[in-house]
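This report describes how protein and DNA meet in one model, and then how two of the protein chains meet each other. Please consult the display below while reading.

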Number of protein chains: 4
Amino acid sequence: MRSDSSRPGRTFLEEARRAQIVACAIDVLATEGYSRATMARIAEQAQVSKSVIVYHFGTKEKVFDQVVAEVFQTATVDLVPRLDAAKTPRAKLGAYIAGRVGFLASHRAHMLALFEIWMNLRNEDGTLRMSESDAESTVDAVEQLLRAGQASGDFGQFSPRVMAMAVRQAIDGVLLQLRHDPALDLDEYANELVELFDRATRRRR
Amino acid sequence: MRSDSSRPGRTFLEEARRAQIVACAIDVLATEGYSRATMARIAEQAQVSKSVIVYHFGTKEKVFDQVVAEVFQTATVDLVPRLDAAKTPRAKLGAYIAGRVGFLASHRAHMLALFEIWMNLRNEDGTLRMSESDAESTVDAVEQLLRAGQASGDFGQFSPRVMAMAVRQAIDGVLLQLRHDPALDLDEYANELVELFDRATRRRR
Amino acid sequence: MRSDSSRPGRTFLEEARRAQIVACAIDVLATEGYSRATMARIAEQAQVSKSVIVYHFGTKEKVFDQVVAEVFQTATVDLVPRLDAAKTPRAKLGAYIAGRVGFLASHRAHMLALFEIWMNLRNEDGTLRMSESDAESTVDAVEQLLRAGQASGDFGQFSPRVMAMAVRQAIDGVLLQLRHDPALDLDEYANELVELFDRATRRRR
Amino acid sequence: MRSDSSRPGRTFLEEARRAQIVACAIDVLATEGYSRATMARIAEQAQVSKSVIVYHFGTKEKVFDQVVAEVFQTATVDLVPRLDAAKTPRAKLGAYIAGRVGFLASHRAHMLALFEIWMNLRNEDGTLRMSESDAESTVDAVEQLLRAGQASGDFGQFSPRVMAMAVRQAIDGVLLQLRHDPALDLDEYANELVELFDRATRRRR
DNA sequence: CATGAATGAGCCTTCATTCAT
DNA sequence: AATGAATGAAGGCTCATTCAT
């Protein structure tokens, strides 16, 4: 039940270095963007030589993989309890939106970094590296939630898939907004979004 | 009243070359992503030597500037008539959403290219190159629309700014979706989004 | 006895264009230096397309050849009468120095351009392009002058060759000085140099 | 008291590489000239990949900066003791001229390299990069020397500034001569120059 | 465990020159 | 007589990665 991210026999110190490097990678990605997130710059941020990163990760790609894993893990830990606390589908939907936007507020860099990688990391053949593994599961969860709400009569009629996508995309959009306007009032934003989707999922009068 | 994009004394042939190069840049950006959209690859796509691009544009940056201009222009030409055709605020909102999603369907590469640039093009100091010039104007337009609808009693109470942002972001989100699932049924998507925001903007019963 | 620089059957207009281009090349060389004296920049200075230069000269190298010829010609025309006017060896030496420095004052760009080419133009094998053709003849002339002065008892004992070189180099040095200090008082400089070499060539008391 | 040029914590090996590269840069500058002194050619001369130079210096400009520093340093070390050994102003002047010309003989490449940079290195705006920082100090030193000699009655009346410039320029001129005639007898040249300026600075009979 | 050193592929750009018109 | 279009070679530089220590 403990340390589930450190798979093989990694020293405590090793794990610390990796965490530090991942944290710095996140910072650089968030503030400088994908194309400027070079090994050199990450190393500099970590006050460490480039080789240290190579030593611990082997490849830039693997650093980014770990960034993604770290963000997912952090987001999950943050979100799940909030969802569990809500009982009705409608409450759960509100908790999900508010939770995700809240996470944006408290972990701006995490989400920006994830987004940069999401947008830009590609396989050698040019295809996008990330897609289903994550988004699907997230969207799926919301979709299930919506379906359950429709079954129980809490929600009206609409395509659960499209609504789920819209929810996710609206939230991701907040992030984009945040890039240009760091002073954005996320609380108000969260409330309004909750309200928005509350109305959108309501049963026809 | 015609050709308003070809400012100085540009030959017909030159304009053609420029258009061709811009088109190829759009293709490469859309299919290969920002970081692989190099002069070399764009030139290859255009079956032309790198120098040709330099000759006609001077700089990679200027090619991308032109890509942005081209997409904006195309999108505007596509959207404005649709908006004008709609009379009521509610109809206008629906026309806007449907129009924008429809444009995604007919000009996938255009929008993907724009997005890549949007996300990645930065000034030398690391700050993002694009932000207000466009997004603002777009969001502003929607915001005005929503305000007008509220004033006329067509829409209920909500923050026009947040709702406008949500609309825009939801649409942008479709694009992201499209990156991973090219077979996405955009018609259904458009209808559902129209419906979604139709409900979300409704007056409390 | 007429037009001796326009060898083959060149139109008057042709000759004018060539002269214009050479003049512009001189300007660019003088103000921007050798490495920035590109075809493009020379053409721009002449308000003409690059191709015009190619058409009239065939090669950048040939433009520079013409620049050299032009400067030599102009300098010779300027200097010879002054020399002829002086009668004694000592007067001739003074006239030479004053004349050359005076030419620097009236034709700064000419001499700077010449100097840039002198310093930088090389053959394909890397060897310097210019050397004997000019310097030698100039230095030789001064050397003869000095020898004549020694023979007639006007000058004292010294190596005519070294003294001649020193004279030439001192004058060239003024040019270098001029590069950094355009406001240099060349009249004073000329007087002092004349005086200097007057003393240096004097017979031991 | 040792190694005062290796400012930060530079390895012995690093310093060696840097020295090697600077030496090769000097060679290439001296034999091939400024415009052919490219990263590629310097690297080739050093039997090393271009990247090594970048790794150790970051920029071509910085390589050249180091070349300049190296030449200055070497020249100073060579010259100062000679000057100190001479006691009278007249002796000092002779020592200076002979010393500088001697240095040309023993460090031809050094001086040629410096000269190439001096002549050609420019700032982005096209203005010459080098000028006062060094030349001034050199010329100033000679000027002081001459003034002192005039004050003490060792020298006659003349403009110390112009005479100092003439001295410097005459010496620099030797270098130009050397470019075209590598077999030049510098000893004779030095003696004659010393003699020349000895006479030129003498008091009127 | 960490590092400095080195490398090669690739990037954007400059430039003299060629060619068809 | 002049030009626009195009090109290939080369230039300086960035960067992920390899390697010996």
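A polar contact is a pair of N or O atoms within 3.5 Å. The model discussed here is predicted. By that cut-off, a polar side-chain atom of Thr11(C) makes such a contact, lying 3.4 Å from a phosphate oxygen of DNA strand F. The table sets this pair beside two others of its kind.

| Residue | Partner on DNA strand F | Distance |
|---|---|---|
| Thr11(C) | phosphate oxygen | 3.4 Å |
| Thr38(D) | phosphate oxygen | 3.4 Å |
| Lys60(D) | phosphate oxygen | 2.6 Å |

Around DNA strand F there are 32 residues, of which Ser51(B), Val52(B), His56(B), Val52(C) and Lys60(D) come nearest. Of the strand's atoms within 4 Å of the protein, 62% belong to sugar and phosphate. The surface near DNA strand F comprises nine nonpolar, 12 polar and 11 charged residues. Helix 3 of chain C contributes the most to this surface, namely five residues.

The report now turns to the meeting of two protein chains. Chain C and chain D each bring 47 residues to their contact. The area buried between them is about 4200 Å², and carbon and sulfur atoms give 50% of it. Two salt bridges are found across this interface. Glu116(C) and Arg122(D) form a salt bridge, with their closest N and O atoms 3.6 Å apart. Between chain C and chain D, 27 residue pairs are in polar contact. On the side of chain C that touches chain D, helix 8 gives the most, with 13 residues. That side divides into 20 nonpolar, 12 polar and 15 charged residues.

Conventions. Residues are numbered from 1 along each chain as its sequence is written. Chains are lettered from A and ligands numbered from 1 in the order in which they are written. This is a predicted model: local features need pLDDT of at least 70, side-chain atom pairs count only at pLDDT 80 or more; totals for chains, interfaces and linings use all residues. Side-chain values use heavy atoms; hydrogens and water are left out. A residue is near a molecule or strand if one of its heavy atoms lies within 4 Å of it. A polar contact is a pair of N or O atoms within 3.5 Å; within protein, one must be able to donate a hydrogen and the other to accept it, and residues adjacent in sequence count only if both atoms are side-chain atoms. Helices (H or I, at least four residues) and strands (E, at least two) are DSSP runs, numbered from the N terminus. Ala, Val, Leu, Ile, Met, Phe, Trp, Tyr, Cys and Pro count as nonpolar, Asp, Glu, Lys and Arg as charged, and the others, Gly among them, as polar. Contact means heavy atoms within 4.5 Å. Buried area is the accessible area (1.4 Å probe) that two parts lose on being put together, summed over both. A salt bridge is a side-chain nitrogen of Lys or Arg within 4 Å of a carboxyl oxygen of Asp or Glu.
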